[in-house]
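Colleague: Before I use any labels from this model, I would like to hear what each one rests on. Could we go through them one at a time?

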There are 2 protein chains.
Amino acid sequence: MDKNLKRMATKQRLQVTGLEMFYKNGYYNTSIDDVLKELSLSKGAFYYHFDSKEDFFIQIIETLLARKMYSMLIEPIEGHENTFDLILQCFEDALETAVHNEFDFGFVLGNIINEFNGRNETIMKHLIDILKIWEVNLVTAIQRGKFNGHIDRHVDSEGVAVFLMSAYIGVRTLMVETAPSAR
Amino acid sequence: MDKNLKRMATKQRLQVTGLEMFYKNGYYNTSIDDVLKELSLSKGAFYYHFDSKEDFFIQIIETLLARKMYSMLIEPIEGHENTFDLILQCFEDALETAVHNEFDFGFVLGNIINEFNGRNETIMKHLIDILKIWEVNLVTAIQRGKFNGHIDRHVDSEGVAVFLMSAYIGVRTLMVETAPSAR
DNA sequence: TATAGATAAGACCGCACGGTCGGTTAATCC
DNA sequence: GGATTAACCGACCGTGCGGTCTTATCTATA
């Protein structure tokens, strides 16, 4: 196999199962050895590709997480007309896959933001960045909706955006135990 | 001082600062030694009063947490008339103290439920119990509101209750970084 | 005041985890 | 075909944490 390809392959395998395990068990409760065991790789391999556990996670955020959230919660809304229905539909879809998948890439955010709050500035910054992106996109989507007449002009775009986000995160939190009924 | 009082005093001091630190730094990220250092106590003292770290936390949940949530989110609603406004007011108050206090006992729950999900069955059960209590109380409050005519009869009590809870948790999560603006 | 039981002290143990480092394999280059 | 290097291996180290155990101190009571 091509050297470059192999490198990327290993790195990506690490990131993918890394995200999966971090999501399921939390960051601090997932050891590097756990991830390596899952892939039958060694410490050496890991520290060849990443500087540290923190670096590892940040790279996961920037590549996998950001991309996923874009494709699930932002892209579907962009450039369409009837914004409001679309947003709802989009949330529905996201929650749907969350129910089926057990691990929806979609929203590790809510889960993990709590874990790092006050404990790891660096990682926290990256997570908040992603949230910001989501928020901005929601706001512009809503404003577009107003412009098109699909949404009442008097609505506070910013407020609604934040409301939608918090509702989504809240539901995801509750789903954890009350099962899908929460929807 | 009365022996019994002293015993209770030490135990309570441990629980109070324990909750405080668990809330701020998370359970797994707060060591027993941290708590003991804060109070200038020794390991011996701790293991004299508690069987284990887990036991410690469960006792905190059952005494402090359950009580706090009762006095902040349940009691104010009980036995009044205009339920809906009251619930809102109550949430407002809770969020308000959350803003000022930095550490609002009020809702450690949302923060911490995530941390234990999938990692500690036992503790998880206790946390869910508290949530259930909250839910039940909200539901009956809403039904009372319907009965009084303050709330539309066609409303799905259960659904609204869960909705209120998830919204609350969601807002609390976002408040973490977007500052109070989220409200 | 002597003493037993209630509290607390703190040295110690075992283990898991993040990280390091010298070494090995296999592809690539000259 | 020998040298170089990317990719990986795995033993090892330091540290921090939960938990144990022996020992010391306080205090009520006879």
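**Labels and their grounds**

Modeller: One place to begin is A:Ser40, which is found in the loop between helix H2 (32–39) and H3 of chain A. Keep in mind that this is a predicted model.

Colleague: How do you know whether A:Ser40 is buried or exposed?

Modeller: By counting: A:Ser40 has 7 other C-beta atoms within 10 Å. The label exposed applies at 12 or fewer, so with 7 A:Ser40 is exposed.

Colleague: What makes the backbone of A:Ser40 worth a remark?

Modeller: Its phi is positive, about 55°, although A:Ser40 is not a glycine. Most residues other than glycine have a negative phi.

Colleague: What is phi at B:Ser40, and where does that residue sit?

Modeller: Phi of B:Ser40 is near 55°, again a positive value in a residue other than glycine. B:Ser40 is in the loop between H2 and H3 of chain B. With 7 other C-beta atoms within 10 Å, B:Ser40 is exposed.

Colleague: Why is A:Tyr27 given the label it has, buried or exposed?

Modeller: A:Tyr27 has 20 C-beta neighbours inside 10 Å. Buried requires 20 or more, so A:Tyr27 counts as buried. The residue lies in the loop between H1 and H2 of chain A.

Colleague: Which residues does A:Tyr27 contact, apart from those within four places in sequence?

Modeller: A:Phe22, A:Phe57, A:Ile112 and A:Glu115. A:Ile112 is 85 residues from A:Tyr27 in sequence, and their C-alpha atoms are 7.9 Å apart.

Colleague: What makes B:His150 neither of the two extremes?

Modeller: B:His150 has 15 C-beta neighbours inside 10 Å. Exposed stops at 12 and buried starts at 20, so B:His150 counts as partly exposed. Its place is in the loop between H7 and helix H8 (157–178) of chain B. Beyond four places in sequence, B:His150 is in contact with B:Asn82, B:Thr83, B:Phe84 and B:Gly145. B:Asn82 is 68 residues away along the chain, with a C-alpha separation of 6.0 Å.

Colleague: How are helix H4 (residues 53–74) and helix H7 (residues 121–148) of chain B arranged, and how do you know?

Modeller: They pack at an angle of about 10°, with their axes 10 Å apart. Roughly parallel covers angles under 35 degrees, so H4(B) is roughly parallel to H7(B). The residues of this contact divide into 12 nonpolar, 3 polar and 2 charged. H4(B) contributes, among them, B:Phe57, B:Ile61 and B:Leu65, while the H7(B) side includes B:Leu127, B:Ile130 and B:Trp134.

Colleague: What makes up the surface near DNA strand D?

Modeller: There are 20 residues around the strand, and A:Arg7, A:Ser42, A:Gly44, B:Ser31 and B:Lys53 come nearest. The elements giving two or more residues are helix H1 (3–25) and helix H3 (43–49) of chain A, with helix H2 (32–39) and helix H3 (43–49) of chain B. H1(A) supplies the largest share, 5 residues. By type, the residues of this surface divide into 5 nonpolar, 7 polar and 8 charged.

Colleague: How many helices and strands does chain A have?

Modeller: Chain A has 8 helices and 0 strands. Of its 183 residues, 29% are buried. Among its contacts between residues at least 6 apart in sequence, 57% join residues at least 24 apart.

Conventions: Residues are numbered from 1 along each chain as its sequence is written. Chains are lettered from A and ligands numbered from 1 in the order in which they are written. This is a predicted model: local features need pLDDT of at least 70, side-chain atom pairs count only at pLDDT 80 or more; totals for chains, interfaces and linings use all residues. A residue is near a molecule or strand if its C-beta atom, placed from the backbone, lies within 6 Å of it. Helices (H or I, at least four residues) and strands (E, at least two) are DSSP runs, numbered from the N terminus. Ala, Val, Leu, Ile, Met, Phe, Trp, Tyr, Cys and Pro count as nonpolar, Asp, Glu, Lys and Arg as charged, and the others, Gly among them, as polar. Two residues are in contact if their C-beta atoms, placed from the backbone, lie within 7 Å. Axes are lines fitted to C-alpha atoms, for helices over the stretch in contact, and angles run from 0 to 180 degrees between N-to-C directions. Angles under 35 degrees count as roughly parallel, over 145 as roughly antiparallel, 65 to 115 as roughly perpendicular and the rest as oblique.
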